[in-house]
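Colleague: Got a minute to walk me through this one? I'd like to start with the charged pairs and then get to the sheets.

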Amino acid sequence: MAGPMRIRAQVNGDEVNVRALMAHPMETGFRKDSSGKPIPAHYITEVIASVNGKTVLTAEWSGAISTNPYFEFDVKAKKGDKITLKWIDNKGESKEETVEVK
């Protein structure tokens, strides 16, 4: 089960630096539990970022990303804009959070 997502969006010149920490197990499907049974694959497959409802970034991920991934990018935005990050995983679960640029 995935947990919360923490997002920070701060003005840096004429861009906004967005940093996100996503609580997710990111299991590849190759590891085994203590009894030797395979742990099923469970990882984020897509991350979508938008500014005021307009998609500005789409990233396709695989199981090769670490547990609780950290994601950082810069985007053209200004103070007061709303930045939304959404992820979707291979089990169809999703999480979406919105922050205001400060």
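Modeller: Sure, and keep in mind that this is a predicted model. A good place to begin is the salt bridge between Glu100 and Lys82, whose closest N and O atoms are 3.1 Å apart.

Colleague: Which strands do Glu100 and Lys82 lie in?

Modeller: Glu100 belongs to strand 7 and Lys82 to strand 6, so the pair ties together parts 18 residues apart in sequence. Glu100 is partly exposed at 41% relative accessibility, and Lys82 is partly exposed too, at 39%.

Colleague: How many salt bridges are there in the whole structure?

Modeller: Five turn up in a search of the whole structure. One of them joins Asp14 to Lys76, with 3.1 Å between the closest N and O atoms. That one links distant parts of the chain: Asp14 is in the loop between strand 1 and strand 2, Lys76 is in the loop between strand 5 and strand 6, and they are 62 residues apart.

Colleague: Are Asp14 and Lys76 buried or exposed?

Modeller: Asp14 is exposed, with 54% relative accessibility, and Lys76 is exposed at 57%.

Colleague: What about Asp81, what does its side chain meet?

Modeller: Lys78, in a salt bridge of 3.3 Å from N to O. Here the two ends differ: Asp81 is buried at 8% relative accessibility, whereas Lys78 is exposed at 53%.

Colleague: OK, on to the sheets. What's the strand order in the four-stranded one?

Modeller: The order is 4-3-6-7, in an open sheet with antiparallel pairing. Strand 4 (54-60) and strand 7 (94-100) are the edge strands, each pairing on one side only. Ignoring direction, neighbouring strands are turned by 15° against each other on average.

Colleague: And in the middle, how many bridges join strand 3 and strand 6?

Modeller: Seven, in the antiparallel sense. As a landmark, Glu46 stands opposite Ile88 in strand 6.

Colleague: What about the three-stranded sheet, what's the order there?

Modeller: That open sheet runs 1-2-5, with antiparallel pairing. Strand 1 (5-12) and strand 5 (70-75) each have a single partner strand, so one side of each is left without a neighbour in the sheet. The twist from one strand to the next averages 15°. Strand 2 (residues 15-22) pairs with strand 5 in the antiparallel sense over six bridges, and Arg19 has Glu72 in strand 5 as its bridge partner.

Colleague: Now the inside. Which residues of the largest nonpolar core touch the most other members?

Modeller: That core has 24 residues, and the ones touching the most other members are Val18, Met22, Val47, Trp61, Val75, Ile83 and Leu85. Strands 1, 2, 3 (44-51), 5 and 6 (82-89) each supply at least two residues of the core.

Colleague: Take Val75. What is it in contact with, leaving aside neighbours within four places in sequence?

Modeller: Glu15, Val16, Val18, Val51, Val56 and Ile83.

Colleague: You mentioned Trp61 as well. How many aromatic pairs does the structure hold?

Modeller: Two. Trp61 and Phe71 make an edge-to-face pair, 5.5 Å centre to centre with 80° between the planes. Trp61 is in the loop between strand 4 and strand 5 and Phe71 is in strand 5, so the pair ties together parts ten residues apart in sequence. The rings of Phe71 and Phe73 also have centres 5.5 Å apart, but with planes at 45°, so that pair is tilted.

Colleague: So where do the three rings sit, buried or exposed?

Modeller: Trp61 is buried at 15% relative accessibility, Phe71 is buried at 14% and Phe73 is buried at 10%. The ring pairs link Trp61, Phe71 and Phe73 into a cluster.

Technical notes:
Residues numbered from 1 in each chain as written. Predicted model: local features only at pLDDT ≥ 70, side-chain atom pairs only at ≥ 80, totals over all residues. Heavy atoms only, no water. Pairing = 2+ DSSP bridges. Axes fitted to C-alpha atoms, helices over the stretch in contact; angles between N-to-C directions. Core = buried A, V, L, I, M, F, W, Y, C linked by side-chain atoms within 4.5 Å. Buried < 20%, exposed > 50% of the residue type's maximum accessible area, 1.4 Å probe, protein only. Contact = heavy atoms within 4.5 Å. Phe/Tyr/Trp six-rings, centres within 6.5 Å; stacked < 30°, edge-to-face > 60°. Salt bridge = Lys/Arg side-chain N within 4 Å of Asp/Glu carboxyl O.
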